[in-house]
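Open your viewer and get ready to click along. Each stop on this tour tells you what to select and what you will find there.

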Amino acid sequence: MQFLLKQKTILPGFGLSLGVSVFCLSILVLLPFAMLFWVTSGMGWDVFISTITEERVMAAIFLTLRLSLYATFTNLFFGTLVAWVLVRYQFPGKSLMNALVDLPFALPTAVTGITLATLYSPNGWLGQFFEQRIAFTPTGIYLALVVVSMPFIVRAVQPVLEELQPELEEASATLGANRWTTFRRVILPELTPALLMGTGMMFARATGEYGSVIFIAGNIPLVSEILPVIITAKLEMFDVQGASAVALFMLLIAFTILFIINAAQWRISRRLEGRA
């Protein structure tokens, strides 16, 4: 007679730690989302559609998504470049530059917004040199989103670059590959999962950013009004269901994009493991 013995893990306490983790995740994340669905479900499908398709709401949704994508693609290039410089080169002030990357994390978002509005206002230190206004326009929103989302891609790519062995690039060069081929065939495949993860976090942060944007956006309806401002305005008018409907719609869009990015990241990681 054979007895099936339960295999124990090396580290004890897995059951307890898993239970505590699931409980905390449910209380802090799942429960608020469930309440959002519950409040929105009480308004009916027709009212939900009419709330989402309001001209002012649709303009804010398209503006938020468009500028979030612009900021994400901008940081995808410049953030990766910053990570590359921090990892591959030694220069005076490197530690200071590395610390400045985390500055948007440390500063309150309101401070960031006030600082950007002061710099880029028509009579600001930098804004006075531009013929077209930057502050209180969609361009100002774009700058704010770039600033607050850049650390995500830098910190996602930097550890991967640190683990990437320079000998692989040297071997590629000895085999006759130029720099572009080495980057495309050797470096980029290793960076792709980290780039996708950083892209997802950047986009999620940009779509939900409020504190740093409200001071530089101008909040002009149909021009420079972002979606979080719409939600706040509905709450100030005690339209809780309308605010919940807009928030739920934006949540579904962000979740869909994050799901696609995570699925692509999983497929690429499995492909890389198969090659190894």
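Before the first selection, you need one cut-off: a residue is buried when its relative accessible area is under 20%, exposed when it is over 50%, and partly exposed in between. Keep in mind, too, that you are looking at a predicted model.

**Stop 1: the whole chain**

Show everything as a cartoon. You should find 12 helices and 0 strands, so the pattern along the sequence is simply one α after another: α-α-α-α-α-α-α-α-α-α-α-α. Turn the model around: along its principal axes the C-alpha trace spans about 70 × 65 × 30 Å. Of the 276 residues, 36% count as buried. Now consider contacts between residues with a separation of 6 or more: 76% of them join residues 24 or more positions apart.

**Stop 2: the end of helix α1**

Select residues 14–41, which form helix α1, and pick out V39 within it. Is V39 buried, exposed or partly exposed? Its relative accessibility is 25%, which lies between the two cut-offs, so V39 counts as partly exposed. Leaving aside residues up to four places away in sequence, V39 touches V240, Q241 and S244.

Next, add R88 to your selection and draw a distance line between the C-alpha atoms. V39 and R88 are 49 residues apart in sequence and 51 Å apart in space.

Then click S41, which is also found in helix α1. With 51% relative accessibility, S41 counts as exposed. How far apart are S41 and S244 in sequence and in space? They are separated by 203 residues in sequence, and their C-alpha atoms are 9.6 Å apart.

**Stop 3: one side of helix α2**

Move on to helix α2, residues 45–52, and colour F48, T51 and I52, which are buried. Look down the helix axis: these residues cover an arc of only 95 degrees around it, which puts them on the same side of α2. A general rule helps here: an α-helix has 3.6 residues a turn, so residues three or four places apart point the same way.

**Stop 4: where α3 meets α11**

Select helix α3 (residues 55–88) together with helix α11 (residues 227–236). Their axes are 8 Å apart, and the helices pack at an angle of about 145 degrees. Which residues make this contact? From α3 come R56, V57, A60, I61 and T64, while α11 supplies L227, I230 and K234. Colour them by type and you will find 5 nonpolar, 1 polar and 2 charged residues.

**Stop 5: inside helix α7**

Now go to helix α7, residues 138–163, and click S149. Is S149 buried or exposed? Its relative accessible area is 0%, so S149 is buried. Show the side chain: one of its polar atoms lies 2.6 Å from the backbone oxygen of L145. Setting aside residues up to four places away in sequence, S149 touches N75 and M202.

**Stop 6: two loop residues with positive phi**

Select F136 in the loop between α6 (109–120) and α7. Its phi is near 65 degrees, a positive value in a residue other than glycine. With 29% relative accessibility, F136 counts as partly exposed.

Then jump to L222, in the loop between α10 (211–217) and α11. L222 is not a glycine either, yet it has a positive phi of about 70 degrees. At 47% relative accessibility, L222 counts as partly exposed.

**Stop 7: what the record says**

Finish by colouring some annotated spans. An unreviewed UniProt entry places the feature "transmembrane region" at residues 12–39, 59–87, 99–120, 140–157, 210–231 and 243–261. Try residues 59–87: the chain there is 100% helix and 0% strand, with its end C-alpha atoms 41 Å apart. Residues 243–261 are also 100% helix and 0% strand, and the end C-alpha atoms of this span lie 27 Å apart.

The unreviewed entry also carries the annotation "domain: ABC transmembrane type-1", covering residues 61–261. Select that span as your last step. The chain there is 78% helix and 0% strand, and the end C-alpha atoms are 20 Å apart.

Key:
Residues are numbered from 1 along each chain as its sequence is written. This is a predicted model: local features need pLDDT of at least 70, side-chain atom pairs count only at pLDDT 80 or more; totals for chains, interfaces and linings use all residues. Side-chain values use heavy atoms; hydrogens and water are left out. Helices (H or I, at least four residues) and strands (E, at least two) are DSSP runs, numbered from the N terminus. Buried means under 20% relative accessible area, exposed over 50%, partly exposed in between (1.4 Å probe, protein chains only). A polar contact is a pair of N or O atoms within 3.5 Å; within protein, one must be able to donate a hydrogen and the other to accept it, and residues adjacent in sequence count only if both atoms are side-chain atoms. Contact means heavy atoms within 4.5 Å. Axes are lines fitted to C-alpha atoms, for helices over the stretch in contact, and angles run from 0 to 180 degrees between N-to-C directions. Ala, Val, Leu, Ile, Met, Phe, Trp, Tyr, Cys and Pro count as nonpolar, Asp, Glu, Lys and Arg as charged, and the others, Gly among them, as polar. The arc is that of the directions from the helix axis to the C-beta atoms. UniProt positions are given in the numbering used here, feature names are shortened, and annotations may be inferred rather than shown by experiment.
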